[in-house]
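Let's take a walk through this protein one piece at a time. Keep the viewer open and turn the model as you read.

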Amino acid sequence: EFARGSMLYLDDVSVSFDGFKAINGLSLMLAPGEMRAVIGPNGAGKTTMMDIITGKTRPDHGDVIFDQSIDLTRHDETDIARMGIGRKFQKPTVFETHTVADNLLLSLAGKRGVFETLLAQITGAEARRIEEILETIRLEERRDDLAADLSHGQKQWLEIGMLLAQDPKVLLVDEPAAGMTDAETMATADLLKRIAGEHTVMVVEHDMEFVRALGVKVTVLNEGSVLAEGSLDHVSADPHVIESYLGR
Ligand code: ADP
């Protein structure tokens, strides 16, 4: 019932590994088009939470409701990806020996094989979508360059573009700013802000400057459940949050 009006709704989710509760009564709700930042000390359960949402890990208890009605705990990883939940891991994985534009095309035409896709006539709709994404990720000028020649930050943006090409409803993004320069970090925050609205976005991040630049509601995880929620200023003034970070 509380899933109404939500794009992603975790209700009292728990999972244990060898008796250790990595996720412990976690409840979380993202509205359609919302961007949320998730922070928390090491071991708080951030990765496990994303593994549960994407079907990599099955929870022992609780519901994970996607788009108000689909119980993700009943689906496997492939199904969940196909239903529109995209995940960006920390390290960029682009096709280094292909151009920026071809990386996007390959992702857009995902179901066709690599050679079929690159040899086939590209449709007008595909070409337009690639241009749109190039603009969103600000790599128009690099379209014909090999992905291998991009900076670390640009590769991250390209990979975000490749996810966009699959038209996901929800995007889970794991530490996008890791290893970036300050300028790239701020550009990444701007990029995610352009994407939110059309997509629901959950960003797990350690870099507080980056979280501040996102300017969205923050959820603090600790010991597998939500410790605090609100603006970055609100949660960073919370004594429990301060203790959870200092206590490690
Ligand atoms: P975070 O991403 O916030 O650093 P994780 O989700 O990686 O936290 O881990 C939460 C806790 O669960 C940690 O104590 C971790 O050691 C434990 N954990 C995670 N995955 C497994 C696993 N497959 N087997 C055993 N323990 C795990």
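How many Å separate the centres of domain 1 and domain 2, taken over C-alpha atoms? The figure is 28 Å. Keep in mind that this is a predicted model. The domain assignment puts residues 8-94 + 168-246 of the protein chain in domain 1, and residues 95-149 in domain 2. Where these two touch, domain 1 supplies 4 residues and domain 2 supplies 6 residues. On the domain 1 side of that contact you'll find 3 nonpolar residues, no polar ones and 1 charged one.

Now go to the sheet. It is open and built from 6 strands, in the order β6-β7-β8-β3-β9-β10, with mixed pairing. The edges are β6 (85-88) and β10 (225-230), each of which pairs on one side only. On average, neighbouring strands here are turned by 20° against each other, if you ignore direction.

Let's cross it strand by strand, starting from β6. This edge strand runs parallel to β7, and 4 bridges join the two. If you'd like a pair to click on, G86 has L171 in β7 as its bridge partner. How many of the 5 residues of strand β7 are buried? The count is 4, so β7 (residues 170-174) is largely enclosed by the rest of the structure. A residue is called buried here if 20 or more other C-beta atoms lie within 10 Å of its own.

Moving on, β7 and β8 are also parallel, with 5 bridges between them. V170 is a handy marker, as its bridge partner is T200 in β8. Next over, β8 (residues 200-204) is joined to β3 (residues 35-39) by 4 bridges, and these two run parallel. Look for R36, which stands opposite M202 in β8. As you look along any of these, remember that in a regular strand the side chains alternate between the two faces of the sheet.

The other end of the sheet has a pair that runs antiparallel: β9 (residues 218-222) and β10, held together by 5 bridges. There, V218 stands opposite G230 in β10. The two strands form a hairpin with 2 residues between them, and in this hairpin E223 takes a positive phi near 45°.

Next, the ligand. Around it sit F17, A22, G40, N42, G43, A44, G45, K46, T47 and T48. By type, that shell splits into 6 polar residues, 3 nonpolar and 1 charged. Which helix gives the largest share of the shell? That is α1 (residues 46-53), with 3 residues.

So what surrounds α1 itself, and is this helix mostly enclosed or open? Of its 8 residues, 7 are buried, so α1 is largely enclosed by the rest of the structure. The buried ones are K46, T48, M49, M50, D51, I52 and I53. K46 and T48 turn up in the ligand shell too. As a rule, an α-helix has 3.6 residues a turn, so residues three or four places apart point the same way. Just past the end of α1, G55 takes a positive phi of about 85°.

That brings up backbone angles. Most residues other than glycine have a negative phi, which makes a couple of spots worth a look. D12, in strand β1 (residues 8-17), has a positive phi of about 55° although it is not a glycine. Q68 does likewise, with a positive phi of about 75°, and Q68 lies in the loop between β4 (61-66) and β5 (70-71). Are these residues buried, exposed or something in between? D12 has 13 C-beta neighbours inside 10 Å, so D12 counts as partly exposed. Q68 also has 13 such neighbours, and therefore counts as partly exposed.

One last stop is T185, in helix α7 (residues 182-195). T185 has 19 C-beta neighbours inside 10 Å, so this residue counts as partly exposed. Beyond its neighbours within four places in sequence, T185 is in contact with A177, M180, D207, E209 and F210. For a longer view, pick T93, which is 92 residues away from T185 along the chain: their C-alpha atoms are separated by 18 Å.

Technical notes: Residues are numbered from 1 along each chain as its sequence is written. This is a predicted model: local features need pLDDT of at least 70, side-chain atom pairs count only at pLDDT 80 or more; totals for chains, interfaces and linings use all residues. A residue is near a molecule or strand if its C-beta atom, placed from the backbone, lies within 6 Å of it. Ala, Val, Leu, Ile, Met, Phe, Trp, Tyr, Cys and Pro count as nonpolar, Asp, Glu, Lys and Arg as charged, and the others, Gly among them, as polar. Two strands pair if DSSP finds at least two bridges between them. Axes are lines fitted to C-alpha atoms, for helices over the stretch in contact, and angles run from 0 to 180 degrees between N-to-C directions. Domain bounds come from an automatic or database domain assignment. Two residues are in contact if their C-beta atoms, placed from the backbone, lie within 7 Å. A residue is buried if 20 or more other C-beta atoms lie within 10 Å of its own, exposed if 12 or fewer, and partly exposed in between; C-beta atoms are placed from the backbone.
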